[in-house]
Amino acid sequence: MARKAISLRDVAAVAGVSVSTVSKVLRGQGKASDATRERIFEAAERLDFQPNALGQFLVQGRSATVGVLTMNAPGAFTMPVLTGATTTLGTRDLSVLVTDSHLDRTVLAATVRKLRARSIDGLLVVGDGSGSEIRSVTAGFPAPVVYVYGISDDAADASFVHDGYAAGKRAGEHLLASGRRRIAHITASADDHSARERADGLGAALAAAGTDLAPELVLRGDWSRGWGREAAERLIASGERFDAVCCGNDTIARAVIAAFAEAGVRVPEDVAITGMDNISGLTGQDDESLTTIDFRLADLGARAAAHLADVIDGQPYEPGLHRIAGDLVAGESTAAPSV
């Protein structure tokens, strides 16, 4: 037979006080005497009383539920963010209501209206990592809102994002440390926020080493494998001297490696290659063939969710950008140049 759950009424009966007094004392409230508080704690311990978290939240006027609104939940890069966020919220005794807008603004607006009508304690908005701003939904929302994997267009909002500038800088420093000096860059359009940040970080690393990011070695297109191959072929045909290529993402990097192999360019003996995103790590492959930057997306989601939970618990809301630096994952595509 299942053991009957111990209630506040049971603790109150053993301690010889009212149920309301037990409830206040166990929540750290009220003005009970030290002797009364001691009797209550002793009774709770003797009965092995386990307070119902939801009941406690309801007493405090809270639902113990957080809304998570995603732009593109099935995305390969969104899932780790979502996993980190929901796991963290779970450890804070918060239930999660996940909804997805499928990158449709009409669906987004309707979903926000529905969430406003729900008695949720907070809202976490998860972007798609594209670098485009997220339209703020904070105004008029009855609970705190935090943004992650995208930047709200309202500077008064708290937005948690991976640090593209630091990633570009770290990749550049790694290539320089391996003895490379003439570094090319193949990436997406300068209009793309993520591409621009990564290029700026790479340029800063080279400038600090007394060199620069030569304009003739910068090729901008998109994030695709097709562009990576085309850019690699252009780079070879240009006749320009280079001993490394810092690629804007892993998809481009792997296409560049394939194109170089066909052209007889050895990696890393002739040219070192770096990517960004650690796609093989995200998919659980970890093949160690490509040096890349891991943006720690699960940690990003966890940090944003923890801040939202803290605000719900009464701690200050911290507006502005919160950048999370990634880690360099060294692979076989970078090494000291051959003599």
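In what order do the six strands of the open sheet come, and is the pairing parallel or antiparallel? I started there, keeping in mind that this is a predicted model. Reading across, I get β2-β1-β3-β4-β5-β11, with parallel pairing. The edges are β2 (95-100) and β11 (320-324); each has a single partner strand, so one side of each lacks a neighbour in the sheet. From one strand to the next I find a twist that averages 20 degrees.

Next I zoomed in on one pair. Strands β3 (residues 122-126) and β4 (residues 145-148) are joined by four bridges, in the parallel sense. I looked up leucine 124 and found valine 146 as its bridge partner in β4. Note to self: strands of a sheet pair through backbone hydrogen bonds.

Then over to helix α3. Does its length add up, or what span should I expect? It runs over residues 34-46, and at 1.5 Å a residue its 13 residues should span 18 Å; I get 18 Å between the end C-alpha atoms, which agrees.

Which residues of α3 are buried? My list is Thr36, Ile40, Ala43 and Ala44. They cover an arc of only 100 degrees around the axis, so they sit on the same side of α3. The background here is that an α-helix has 3.6 residues a turn, so residues three or four places apart point the same way. As for what they pack against, the buried residues of α3 meet α1 (8-15) and α2 (19-26). Round on the other side of α3, I have Asp34, Glu45 and Arg46 down as exposed.

Last check, just past the helix: aspartate 48 follows α3, and its phi is positive, near 55 degrees.

Key
Residues are numbered from 1 along each chain as its sequence is written. This is a predicted model: local features need pLDDT of at least 70, side-chain atom pairs count only at pLDDT 80 or more; totals for chains, interfaces and linings use all residues. Side-chain values use heavy atoms; hydrogens and water are left out. Two strands pair if DSSP finds at least two bridges between them. Helices (H or I, at least four residues) and strands (E, at least two) are DSSP runs, numbered from the N terminus. Axes are lines fitted to C-alpha atoms, for helices over the stretch in contact, and angles run from 0 to 180 degrees between N-to-C directions. The expected span of a helix is 1.5 Å times one less than its number of residues. Buried means under 20% relative accessible area, exposed over 50%, partly exposed in between (1.4 Å probe, protein chains only). The arc is that of the directions from the helix axis to the C-beta atoms. Contact means heavy atoms within 4.5 Å.
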